[in-house]
Amino acid sequence: MIEIKNVSKWFGKLQAVKNATLSLNKGECIALIGPNGCGKTTLIKSILGMVVPTSGDIIFDGKNIKNDYLYRKNIGYMPQIGRYPDNMTIGHIIEMIKQIRQSSEALDEDLLKAFDLPSLYEKRMRTLSGGTTQKVSATLAFLFNPDVLILDEPTAGLDPLASDILKEKIIKEKEKGKLILITSHLLSELDDLITELVFMQDGEVRFHQHVSELLNKTGEQKIAKAIANVLKNGISE
Amino acid sequence: MNRIIKYIILDIIKNKLVIAYAVVLGLLCFTAFSLEDNATKGALTVQSIILFVVPLVSIIFSTIYLYNSNEFIELLLGQPIQRRKIWISLFIGLSVSLATAFFISGGIPLLLYAEGNVALMMISIGILITVIFVALACLCAILTRDKAKGIGIAILIWLFFALLFDGLLLFIVFQFGDYPIEKPMVLLTALSPIDLSRIVMQLQMDVSALMGYTGAIFKQFFGNVLGLSITFVLLLLWIIIPFSISLNRFKKKDL
């Protein structure tokens with residue numbers, strides 16, 4: 001569904017992504033992990049067209065995303081730190097995005113209800129706590145029933161209850177056969193969610209494997225331990 | 001795109017600065033006309049307001065607004081919207097709201113007190129100047145990520161065109177007065193939108209004594225009609241060139 005071919009990105013003298021090549025398929029729930037500053041967010045933003053890669057191509061559904069924008073109809077994006085216009089209320093933001101998208105499909109308002117956002121509609125974005133802002137971001141990402149969900153640190157800042165609601169929602173969407181791309185540092189949270197794992201370090205994609213394969217190879221039960229094992233002993237392809 | 005423009009204009013109207021600008025500008029214009037017994041004198045005062053206050057407010061307000069719209073831009077970029085449409089919408093939203101503010105506050109006194117032709121000319125120049133400085137603000141805001149630096153550049157641009165440029169021209173005239181510099185001087189004038197506007201307005205008002213050096217040359221060179229059309233084309237270029245440079249840079253910007 002998404003093909004990333006030899007993508008590199010330079011920020012001045014710093015190379016944030018080095019020659020990344022990845023193939024992300026439908027029906028998978030893929031975790032993108034790696035230490036801070038390894039280029040995860042840059043890679044995600046390249047897929048969204050927010051960052052323009054220095055070289056390389058990104059193919060979405062068979063079409064190069066360069067100079068295209070309609071493909072973003074099929075993506076729901078939840079940023080790591082959602083930044084919204086200060087003066088707008090939650091209601092305004094949701095209403096505005098609805099109007100801009102003008103989607104004819106039915107809206108997926110599960111999260112809107114689960115997080116009880118309508119009761120906060122009058123609140124201005126400036127006054128929201130980090131967690132509530134994340135709830136708005138999550139709601140917007142799922143609202144239009146997109147085929148691809150890109151979630152950057154989705155559970156960071158959410159309380160355990162909200163975090164559970166979100167996880168259940170992610171599992172539900174995965175079962176519908178959507179492609180879900182998650183970045184997270186909380187490896188223990190990923191266990192029951194993900195099917196594939198991409199590990200990045202210093203801007204390079206170190207490995208991309210099925211979770212079961214990885215667990216088999218390392219002989220571990222938990223993803224967290226398997227990754228620790230790989231980091232210690234190196235990768236055996 | 002219309003929906004985005006609508007949201008931007010609503011947001012700017014909610015921001016009370018534009019309303020304050022309209023009120024202050026309106027008061028200035030009304031007092032200018034009621035203090036002077038002669039409408040031409042009043043129009044001249046309004047002209048200096050148009051040449052100083054309007055560019056200053058347009059460029060500073062727009063630059064700050066564009067920097068503050070970063071979050072809005074980020075939000076829209078995740079949606080299926082063309083990048084250029086976001087930037088063009090911001091430009092149109094700012095131009096329309098500032099030009100409307102000018103039209104209401106400066107246009108009404110002009111239409112009431114000044115001669116018909118002069119009023120129309122000054123209103124259209126005021127609107128053009130507003131849009132030109134919004135375009136220059138787009139350029140300032142895209143040149144650097146640092147808000148303080150961007151606003152600094154905006155102030156420098158205004159200072160240069162409103163005050164320094166005339167001095168520079170005068171300096172050149174004094175230094176090279178012995179040579180036939182009329183033609184190069186006309187060319188140089190085209191490099192400042194404010195000077196261009198001054199010349200057009202004064203060609204219309206027919207106050208040659210106040211036209212200054214470049215204005216006199218302009219009139220002598222082109223006569224009224226041709227001079228007018230050429231200055232209007234040049235003013236339009238002052239909108240198109242800065243804005244298209246900023247648009248190109250915005251398309252490649254990383255957010």
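Buried area is the accessible area that two parts lose on being put together, summed over both. In this predicted model, chain A and chain B bury about 2,400 Å² between them. Carbon and sulfur atoms account for 57% of that buried area. The contact draws on 27 residues of chain A and 25 residues of chain B. On the chain A side, the residues that lose the most area to chain B are M50(A), R83(A) and I100(A). Together these three make up 28% of what chain A buries in the contact.

One residue of chain B illustrates the contact between the chains. G78(B) is located in a loop of chain B, between helix α4 (70-77) and helix α5 (83-113). With a relative accessible area of 6%, G78(B) is buried, because the cut-off for a buried residue is under 20%. When neighbours within four places in sequence are left aside, G78(B) is in contact with M50(A), R72(A) and R101(A). Of these partners, M50(A) is also among the residues of chain A that lose the most area to chain B.

Chain A was considered next. The secondary structure of chain A consists of 8 helices and 10 strands. For its 237 residues, a compact globule would have a radius of gyration near 18 Å, and the value for chain A is 18 Å, so the two agree. Taken along the principal axes, the C-alpha atoms of chain A fill a box of roughly 55 × 40 × 35 Å. Buried residues form 51% of the chain. Of the contacts in chain A between residues at least 6 apart in sequence, 68% link residues at least 24 apart. The accessible surface of chain A is about 10,900 Å², and 48% of this surface belongs to carbon and sulfur atoms. Chain A carries 30 positive and 30 negative charges, and the mean positions of the two groups are 5 Å apart.

Within chain A, T218(A) is part of helix α7, which covers residues 211-218. The relative accessibility of T218(A) is 17%, and this residue therefore counts as buried under the 20% cut-off. Apart from neighbours within four places in sequence, T218(A) has contacts with A226(A), N229(A) and V230(A).

Chain B contains 10 helices and 0 strands. Read from the N terminus, the elements of chain B run α-α-α-α-α-α-α-α-α-α. The radius of gyration of chain B is 19 Å, close to the 18 Å given by the globule rule for 255 residues, so chain B is as compact as a globular protein of that length. The C-alpha trace of chain B spans about 60 × 45 × 30 Å along its principal axes. Of the 255 residues in chain B, 54% are buried. Among contacts in chain B between residues at least 6 apart in sequence, those joining residues at least 24 apart make up 80%.

The surface and charges of chain B were also computed. Chain B exposes about 11,500 Å², and carbon and sulfur atoms supply 70% of this area. There are 18 positive and 13 negative side chains in chain B. The centres of these two sets lie 15 Å apart.

Notes
Residues are numbered from 1 along each chain as its sequence is written. Chains are lettered from A and ligands numbered from 1 in the order in which they are written. Side-chain values use heavy atoms; hydrogens and water are left out. Helices (H or I, at least four residues) and strands (E, at least two) are DSSP runs, numbered from the N terminus. The radius of gyration is taken over C-alpha atoms; the globule rule is 2.2 Å times the number of residues to the power 0.38. Buried means under 20% relative accessible area, exposed over 50%, partly exposed in between (1.4 Å probe, protein chains only). Contact means heavy atoms within 4.5 Å. Accessible areas come from the Shrake-Rupley method with a 1.4 Å probe; for residues, only the protein chains shown count as cover. Lys and Arg count as positive and Asp and Glu as negative; His and the chain ends are not counted. The place of a charge is taken as NZ of Lys, CZ of Arg, CG of Asp or CD of Glu. Buried area is the accessible area (1.4 Å probe) that two parts lose on being put together, summed over both.
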